[in-house]
Amino acid sequence: MLGQELTRYLSSLGNDIVGVARTNADYNIDISDDEKLIECFEMEKPDIIINTVAIVNLNNCEIDKCKAYLVNSRPAGIISNYCHENDIYFVQISTDHYYTGDNDKKHSENDTIHLLNEYARTKYLAEMLTLTNPNALVIRTNIVGFRGWENDTFVEWALNSLKVEEPINVFEDYYTSSIDVYNFSRILWDLINNKPNGIYNLASSEVFSKKKFIFYLAYSFNLSTSNCTPTRMNNDELRRATSLGLNTEKIENYLGYKLPTLKEVTDSLKKHCEDD
Ligand SMILES: NC(=O)c1ccc[n+]([C@@H]2O[C@H](COP(=O)([O-])OP(=O)(O)OC[C@H]3O[C@@H](n4cnc5c(N)ncnc54)[C@H](OP(=O)(O)O)[C@@H]3O)[C@@H](O)[C@H]2O)c1
C-alpha cells in the first residue's frame, strides 16, 4: 500500500525511484536475503533508502515468529549499517502499535511503550537497529489507503461494505490517528528534504475511534452508515494494542505546519479515488 504510493508520488517529483519487493518490483528479491539486497544497493548507489517492507498481518507474525524477525527486524539493521558505511540517508517506516489502555491519548515519541505481540516486538527491534545509525529517521505512523490488488486494505474493506450496505461492526474503543498515504508521502518528502534523525510521529493531528473514522469516510464518499453497528473490541485471542493515537507536535514544530485532520484525511482518500 505505502510503497506503491511513495513510488508514484516521489517519481512524479522527478526522483529516480527503484522498488524492491518479492513481486512486481524493479528488484524482485526477498528482503531477508542480505546478499541480494546489498547487491541491489551496490548496483543502484542510492542517496536515500526508505524501508516500507513488513509482515503487517499480526496473526502471521505470531504464527511464524522467526520469519517476522527476519522480515520486520533484521533487515533494518543490515540496511542501517550499510547506509552508515556509505553515507546514505535511511528512513525506517515503523508503527504506532505500542500503546494501549489510555483511550484517545496522543502519544509522543518518548511515551512508554507496551509490546503486546510479535508484530510490535519486531517493529520496535527494527527501530533500535535503525537508530544505531546516527543519520537515520524512524517514522511512527498509522496509514490508510488503497492497494488495488491482493488482500483488501482496511479502507477498501470499509468502502466495499458501505457501498453494498453489508452489516459491519465498527469499534468505538479502538483509537488511531490514521493518515492517508497521499498526505503521508507529501509530508515524508518535506522531512526527507531536511534529513532529520531520530524518531518522528507522522500521523493525523487528531485521534479518533475506528467508528468515527468509518463515519467520516462514509460522509466523504456520500455513503450511508445504516449498516454500521458500534461495538467494542474482543481482545481475547491476540493481544492487540488499542490506544494507538500519536502526538504530532514534534513534526509540526519541525516542519512549521499542522498535520491533516480526520476530515482532511478522508477527503484526501475521496479525491485520490476520483483521480484514479
Ligand atoms: N497498514 C497499516 O495499517 C500500517 C500501520 C502502521 C504502520 N505500518 C507500516 O507501514 C509500512 C508499510 O505498510 P503497508 O500497509 O504498505 O504494507 P503492505 O501493503 O503489506 O506492503 C508491504 C510490502 O512489503 C513487501 N514484502 C513483504 N515481505 C517481503 C519480503 N520478505 N521481502 C521483500 N519484500 C517484502 C510486500 O511486497 P511483496 O509481497 O511483493 O514482497 C509489500 O510491498 C510497514 O512498515 C508497516 O509496518 C502500516
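## Salt bridges, ligand shell and surface of a predicted model

Lys 258 counts as exposed, at 64% relative accessibility, and the side chain of this lysine meets that of Glu 252 in a salt bridge, with 3.5 Å from N to O. Glu 252, by contrast, counts as buried, because its relative accessibility is 9% and the limit for a buried residue is under 20%. The model in which this pair is found is a predicted one, and every distance and area below should be read with that in mind.

The pair just described belongs to a count of 10 salt bridges. Another of these joins Asp 173 to Arg 232, whose closest N and O atoms are 3.8 Å apart. This pair links distant parts of the chain, since Asp 173 lies in the loop between strand E7 (168-171) and strand E8 (175-176), while Arg 232 lies 59 residues away in the loop between strand E12 (228-231) and helix H9 (249-255). Here too a buried residue is paired with an exposed one, for Asp 173 has a relative accessibility of 16% and counts as buried, whereas Arg 232, at 56%, counts as exposed. A further salt bridge is formed by the side chains of Lys 105 and Asp 111, at 3.3 Å from N to O, and in this case the lysine, Lys 105, counts as partly exposed, with a relative accessibility of 35%.

From the salt bridges we turn to the ligand, which is surrounded by 22 residues, the closest being Met 1, Arg 22, Thr 23, Tyr 119 and Lys 123. By class, this shell is made up of 12 nonpolar, six polar and four charged residues. Among the pairs of N or O atoms, an oxygen atom of the ligand lies 2.7 Å from an N or O atom in the side chain of Lys 123, and a backbone N or O atom of Leu 2 is 2.8 Å from an oxygen atom of the ligand. A nitrogen atom of the ligand, in turn, is 3.1 Å from an N or O atom in the side chain of Asp 30. Taken alone, the ligand exposes 880 Å², and the protein buries 85% of that area.

On the surface, Tyr 69, Leu 70, Leu 125, Met 128 and Leu 131 make a nonpolar patch of about 360 Å². Helix H4 (65-86) and helix H5 (118-130) are the elements that give two or more residues to this patch. Leu 131 is found in the loop between H5 and strand E5 (136-140), and this leucine is partly exposed, with a relative accessible area of 31%. Helix H4 also holds Ile 78, which is partly exposed at 22% and whose C-alpha atom is separated by 9.5 Å from that of Ser 32, a residue 46 positions away along the chain.

The backbone also deserves attention at two loop positions. Most residues other than glycine have a negative phi. Lys 45, however, has a positive phi, near 45°; Lys 45 is placed in the loop between helix H2 (34-44) and strand E3 (48-51) and counts as exposed, at 55% relative accessibility. Asn 103 likewise has a positive phi, near 50°, and is found in the loop between strand E4 (89-93) and H5, where it counts as partly exposed at 46%.

Technical notes
Residues numbered from 1 in each chain as written. Predicted model: local features only at pLDDT ≥ 70, side-chain atom pairs only at ≥ 80, totals over all residues. Heavy atoms only, no water. Patch = residues over 30% accessible without salt bridge, like charges linked within 9 Å, V, L, I, M, F, W, Y side chains within 5 Å. Areas by Shrake-Rupley, 256 points an atom, 1.4 Å probe, with all protein chains shown as cover. Salt bridge = Lys/Arg side-chain N within 4 Å of Asp/Glu carboxyl O. Helix = DSSP H or I, 4+ residues; strand = E, 2+ residues; numbered from the N terminus. Buried < 20%, exposed > 50% of the residue type's maximum accessible area, 1.4 Å probe, protein only. Near = heavy atom within 4 Å. Polar contact = N/O pair within 3.5 Å; in protein donor to acceptor, adjacent residues only side chain to side chain. Nonpolar A, V, L, I, M, F, W, Y, C, P; charged D, E, K, R; others polar.
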